[in-house]
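Here is a quick tour of a two-chain model, going from the core to the contact between the chains and then to the charged pairs. Keep the structure open as you read.

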2 protein chains.
Amino acid sequence: MLGRLNHVAIAVPDLGSASALYRTALGVEPTKPQALPEHGVTVAFVNVGNTKIELLEPLGEDSPILAFLDKNPAGGMHHLCYEVEDIIAARDRLREQGARILGDGEPKIGAHGKPVLFLHPKDFNGTLIELEQV
Amino acid sequence: MLGRLNHVAIAVPDLGSASALYRTALGVEPTKPQALPEHGVTVAFVNVGNTKIELLEPLGEDSPILAFLDKNPAGGMHHLCYEVEDIIAARDRLREQGARILGDGEPKIGAHGKPVLFLHPKDFNGTLIELEQV
């Protein structure tokens, strides 16, 4: 069911300094920061060839990554996004297996304009998993 | 400098139940558990097409992931491993940029039989980064 790893999301307190760090220390070029107010984040992507690193900075007071940064002020790995062919079939299979879908269980349009769902990290060894239909 | 993402490592308290979860809920087939006593872990890999997920269970009392599991008893994302062409050149560049290399700074032979180094997570927004020369 799981397809390729679309991206690894890393929450950071400051996207400018994180981008500079990836550029100077790791020799990769993050994209320009892009504000996504409807998702409560500003993002920059690092293309590493086979997948992407998504650097996330909170945007606004309701940002979904604020609580994570309260616990991890320096930042940290936030979620893994896997591609699926059919997000409704994936959701139904997960529910049958007892896994919890976050929110109301209906796919939302994610940061890439495609339907996404998030799975409860307590059901997956502490890993927040995003599924994206591609 | 950073090449492709070789794997995402997830620490888990029990590799058998984690493997069963990935199989039944996520529809992917982890490899058979492989004990690596010299690295203090038992590992199983999940191939997701473009990269791998490495499920890590502690092995022995000196396991390097015991402290992480003490803090995160259910498990969690532990590190990201990127490929590099020349691990010594990568290390020297990182040092010049002020990044700290864990241990004595000399590459060790990692779980895949190739030279690896780990970078201090405090220097990379709370992300433990492994570099593997391929």
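The largest nonpolar core in this predicted model has 60 residues. Within that core, L131(A) and L131(B) are the residues with the most contacts. Take L131(B) and skip its neighbours within four places in sequence: what does L131(B) touch? Its contacts are L2(B), Y82(B), V84(B), I87(B), A90(B), L94(B), P115(B), V116(B), L117(B) and L119(B).

Now for how the two chains sit relative to each other. In general, two copies of a chain are related by a rotation about an axis and a shift along it. Here, a turn of 180° with a shift of 0.0 Å along the axis lays chain A on chain B, with an RMSD of 0.0 Å. That makes it a two-fold axis. Looking for a landmark on that axis? Try N50(A), whose C-alpha, at 2.9 Å, comes closest to the rotation axis of the residues of chain A.

The contact itself draws 40 residues from chain A and 40 residues from chain B. Of the interface residues of chain A, 100% are also interface residues in chain B, so the two copies meet through the same surface. Together the chains bury about 3300 Å², and 62% of that is on carbon and sulfur atoms. Three residues stand out on the chain A side: L26(A), M77(A) and N125(A) supply 23% of the area that chain A buries against chain B, more than any other three residues.

How many salt bridges run between chain A and chain B? The count is zero. Polar contacts are another matter, with 17 residue pairs counted between chain A and chain B, both residues at pLDDT 80 or more. As for which elements of chain A touch chain B, β1 (5–11), α1 (15–24), β5 (76–84) and α3 (87–96) each supply at least two residues. The largest share of that side, six residues, comes from β5(A).

On to the charges. Side chains of opposite charge can pair when their charged atoms come close. Over all chains, the structure holds twelve salt bridges, including the pairs tabulated here.

| Salt bridge | N to O distance |
|---|---|
| E83(A) and R4(A) | 3.0 Å |
| D104(A) and K108(A) | 3.1 Å |
| E83(B) and R4(B) | 3.0 Å |

In chain B, E83(B) lies in strand β5 (residues 76–84) and R4(B) in the segment before β1 (5–11), so their salt bridge ties together parts that are 79 residues apart in sequence. Buried or exposed, where does E83(B) fall? E83(B) counts as buried, because its relative accessibility is 10% and the cut-off for buried is under 20%. Its partner R4(B), at 36% relative accessibility, counts as partly exposed.

Over in chain A, E83(A) is likewise buried at 10% relative accessibility, while R4(A) is partly exposed with a relative accessible area of 36%. As for the D104(A) pair, K108(A) is partly exposed at 46% relative accessibility.

One more charged group is worth a look in chain A: R91(A), D92(A) and E106(A) are linked in a network of salt bridges.

Technical notes. Residues are numbered from 1 along each chain as its sequence is written. Chains are lettered from A and ligands numbered from 1 in the order in which they are written. This is a predicted model: local features need pLDDT of at least 70, side-chain atom pairs count only at pLDDT 80 or more; totals for chains, interfaces and linings use all residues. Side-chain values use heavy atoms; hydrogens and water are left out. A nonpolar core is a set of buried Ala, Val, Leu, Ile, Met, Phe, Trp, Tyr and Cys residues joined through side-chain atoms within 4.5 Å. Buried means under 20% relative accessible area, exposed over 50%, partly exposed in between (1.4 Å probe, protein chains only). Contact means heavy atoms within 4.5 Å. Copies are superposed by least squares on the C-alpha atoms of residues with pLDDT of at least 70 in both. Buried area is the accessible area (1.4 Å probe) that two parts lose on being put together, summed over both. A salt bridge is a side-chain nitrogen of Lys or Arg within 4 Å of a carboxyl oxygen of Asp or Glu. A polar contact is a pair of N or O atoms within 3.5 Å; within protein, one must be able to donate a hydrogen and the other to accept it, and residues adjacent in sequence count only if both atoms are side-chain atoms. Helices (H or I, at least four residues) and strands (E, at least two) are DSSP runs, numbered from the N terminus.
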